[in-house]
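Please read the following walk through one structure with the sequence and the model side by side. The account begins at a single residue and widens from there.

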Amino acid sequence: FFVCFKLRPRDEKYKGADKYRMVNIRRDDNGRLSGKGTHCTFDISPKTLLRRELRICVKARDKLSVDFLGEVKVDFRKMNSAYEINYSNNLAYLYPKMRLAGTCSIGMLYQPQQGCLKLYINSATINSKEGTQPGDVYMKIYHLYLGQRVQRLRTAVHSETFQPQFDERFTLKLARDMIDDSCLHLKIFSKPSVPVLGDSILGEIVLANKTVSDEWQSFYKETINNQEQRKPIFRDISVMKYK
């Protein structure tokens with residue numbers, strides 16, 4: 001008997017070779033198949049891993065043929081959600097390693113009857129080192145619910161500035177029963193002068209019921225829990241970046 005670990009592309013549109021590992025297993029003293037201590041190692045990045053699924057197949061082999069006995073499929077997107085659900089709490093380990101990167105003027109208005117959240121992105125001020133040339137700045141807004149990304153929004157690009165004036169409004173679907181398990185993750189990016197280098201993160205904000213920053217958490221709760229709110233509440237929120 002043996003176990004075949006197959007790491008294969010989850011999406012057929014994504015082209016990538018399967019990765020295989022095979023480990024022999026034997027019967028224990030009671031005649032049962034025992035895979036205790038059975039393991040294998042794949043060299044793969046976390047980003048690529050989320051585009052793969054793991055298939056664990058148990059097979060029996062004799063001199064003439066190989067018989068398929070059964071398999072288990074593991075979707076790594078669902079495993080990743082366990083991390084994302086408590087995303088803000090897990091930032092607690094990294095938060096002491098973050099520094100203040102600037103501020104962002106944000107407004108929020110929650111409308112429970114419509115089941116939506118109005119998000120206003122006014123402007124941002126990014127701290128920069130002396131002599132640093134400003135790049136093209138934009139923001140991405142991610143709405144996570146139960147660890148799954150349900151909405152992704154993006155502002156326009158503002159050229160060569162550390163003080164972008166976004167002046168944009170977005171509407172996010174947010175029912176009452178989604179509030180506790182939702183997380184708004186705002187990231188500010190800068191485009192490099194050499195496109196091949198990729199965009200760099202200037203800072204980020206995490207708005208949720210549970211977060212490592214009292215400022216982030218209180219602003220989210222103040223907006224969501226204010227039933228009499230008729231106008232958006234605006235705050236200058238700290239933008240943080242990993243050191």
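Met240 counts as buried because its relative accessibility is 9%, where buried means under 20% relative accessible area, exposed over 50% and partly exposed in between, with a 1.4 Å probe and protein chains only. The residue belongs to strand β14, residues 233–242; strands are DSSP runs of E with at least two residues, helices are runs of H or I with at least four, and both are numbered from the N terminus. The model is predicted, so local features need pLDDT of at least 70 and side-chain atom pairs count only at pLDDT 80 or more, while totals for chains, interfaces and linings use all residues. Residues are numbered from 1 along each chain as its sequence is written, and side-chain values use heavy atoms, with hydrogens and water left out.

Met240 has partners far away in sequence. Its C-alpha atom is 5.0 Å from that of Ala101, although the two positions lie 139 residues apart along the chain as a separation. Arg99 is 141 residues from Met240 in sequence, with a C-alpha to C-alpha distance of 5.5 Å. Arg99 sits in strand β7, residues 98–111, and counts as partly exposed because its relative accessibility is 34%.

Such pairs can be set beside the totals for the chain. With contact meaning heavy atoms within 4.5 Å, 60% of the contacts with a separation of 6 or more are between residues 24 or more positions apart. The chain has four helices and 14 strands. It is 243 residues long, and 40% of them count as buried. About 14900 Å² is exposed, 48% of it supplied by carbon and sulfur atoms; these areas come from the Shrake-Rupley method with a 1.4 Å probe, and for residues only the protein chains shown count as cover.

Strand β11, residues 165–173, has alternating side chains. Phe166, Glu168, Phe170 and Leu172 point to one face and are buried, whereas Gln165, Asp167, Arg169, Thr171 and Lys173 point to the other face and are not buried. Strand β8, residues 116–126, runs antiparallel to β11 and is joined to it by seven bridges; two strands pair if DSSP finds at least two bridges between them. In this pairing, Ser123 stands opposite Gln165.

Glu204 lies in strand β13, residues 200–208. Glu204 is buried but has no salt bridge, that is, a side-chain nitrogen of Lys or Arg within 4 Å of a carboxyl oxygen of Asp or Glu. The nearest side chain of opposite charge is Lys187, 5.0 Å away.

Definitions and conventions: Lys, Arg positive; Asp, Glu negative; His and termini not counted.
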